[in-house]
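Please look through the model shown here. The paragraphs after it take up one chain, then its contacts with its neighbours, then the confidence scores.

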Amino acid sequence: MTLINFVEIGISVLLILLAFLAINSKTLIKSVMFLSSLSMLAVIGFVLLKAPDVAVTEAVIGSGLVTSLFVFTLLAVRKVGKKA
Amino acid sequence: MLQYAAIVLIMLGLYGLLTQRNIIKIIISLNIMEIGLNLFIVSVGYVEGGIAPILTSVNNSSSLVFVDPLPQALVLTAIVIGVGTTALGLALAKNIYQKYGTFEIDEMGEE
Amino acid sequence: MKNFLALLLTLFLGYMIMTSLAANDLFPDQGAADVTTRVSQKYIDRSVNGDVGEVIFGQATNLESGPANIVTAIVADYRSFDTLGEVTVLFVSSLGVALLLGGPKQKRLELNFHPNFMLRVGSRALFGIILMTGIYIAIHGHLTPGGGFPGGTMIASSMLLLYLADDEFRAKIKGFKMLESAAGSAYVLIGLAGLFLGSYFLENLLGNGILGDLLSAGMIPIIYVLIGLKVGSEISGVIDNFLTEEGV
């Protein structure tokens, strides 16, 4: 067992834990944040699997852009709720 | 090890898709399933001790042992299309909220 | 009861995946893959049209596909037609978002917070750096990890930063639409040029040069820069649609 193996096991456990939390948390914004950190951990997984192209793309798109789209949707909706 | 984590992620995404009644949660479940699937496809091409599929001045010959580049190219495509579907789903969710005032599927249609 | 049924179905799916993976040559255990028996070995050796021997960084010339990054060679050269389809899918999805969220009278969404002085100045400073990084990644797609898709998205994130820094800011969305259609048409025109001047759609007409130089790989840097511009302007349009609402 080398250090890389321990890192891999730790990341696997954290991935599953974060996915469970993202599905089961009560508030929507917390779910979105857990999804964002899940993407960020998946980036480390891609680097461990020797896929730097996929890692760069996932870091920019999965962790940055998709999260901002979710947050914008929630922001717009909360404002609509206040008006009504 | 990461391969089994990816399979569990696919299962968790399907479970969320079947049990959640909130539109945003359903889109989040789809995203989790997508991440799991991408990890699984990339892990299929992983070679123990292989190097990343880029020729550099250090790894300068095609006779070295590289990781399989084809699954990575396919996943690159899949991630970008995933953004497109997520954006379209969120736009639909925003329109649904403007009509019904809620994200919960069970509370719709009672106006 | 419903949750229990869903759990049962999920466990059944997991069991099926695990059984199908046992003793399967196509999906081996992690790390046990053998690339030499797969078609990917031909992409690594650049030997689809015939064996050319060992490919050396900085020396090999006149290969059938020039990029040093093998993933780029697959995405933008061997399977460039797939990428054209992918760009089309992204275009259709941005069109759908514009159709669902756009309207004749649009105004900027009012956020609950107002940017203070530090946020404004910091965002202006970071805007240039992120834009330059995005362009760098798109231009060096054939040598380093990255390419047109992450580069274009980075350009769009710099626009997103400007949206957050200024309450009143709206991008010149008409210019972005022009840029997007111009880049997409140029991609198709390059393909048609290959069809008419050469022998097949999206043929690489320019010389490949020495593997590893910045000006190498023929059409591929041009195609990746076009993809970067197209993706960047498309995603900027999507962000603009998400940050506007029906006006008065």
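In this predicted model, the domain assignment splits chain C into domain 1, residues 2–45, and domain 2, residues 70–246. The C-alpha centres of domain 1 and domain 2 of chain C are 34 Å apart.

Chain C touches chain B through a contact that takes 43 residues from chain C and 41 residues from chain B. On the chain B side, the elements giving two or more residues are α1 (2–19), α2 (23–44) and α3 (69–100) of chain B. Of these, α3(B) gives the most, with 16 residues. By residue type, the side of chain B that touches chain C divides into 23 nonpolar, 15 polar and three charged residues.

Chain C also has a contact with chain A, made up of 16 residues from chain C and 14 residues from chain A. The side of chain A that touches chain C consists of nine nonpolar residues, four polar and one charged.

How far to read the details depends on the confidence scores. Where pLDDT is low, the predicted coordinates should not be read in detail. Chain C has an average pLDDT of 83, and 98% of its residues score at least 70. Where in chain C is confidence lowest, and where is it highest? The lowest mean, 73, belongs to strand β1 of chain C, residues 106–108, while helix α5 of chain C, residues 117–139, has the highest, at 89. For the complex, the predictor gives an ipTM of 0.86 and a pTM of 0.88.

Methods: Residues are numbered from 1 along each chain as its sequence is written. Chains are lettered from A and ligands numbered from 1 in the order in which they are written. This is a predicted model: local features need pLDDT of at least 70, side-chain atom pairs count only at pLDDT 80 or more; totals for chains, interfaces and linings use all residues. pLDDT is the predictor's confidence in each residue, from 0 to 100. Helices (H or I, at least four residues) and strands (E, at least two) are DSSP runs, numbered from the N terminus. Two residues are in contact if their C-beta atoms, placed from the backbone, lie within 7 Å. Ala, Val, Leu, Ile, Met, Phe, Trp, Tyr, Cys and Pro count as nonpolar, Asp, Glu, Lys and Arg as charged, and the others, Gly among them, as polar. Domain bounds come from an automatic or database domain assignment.
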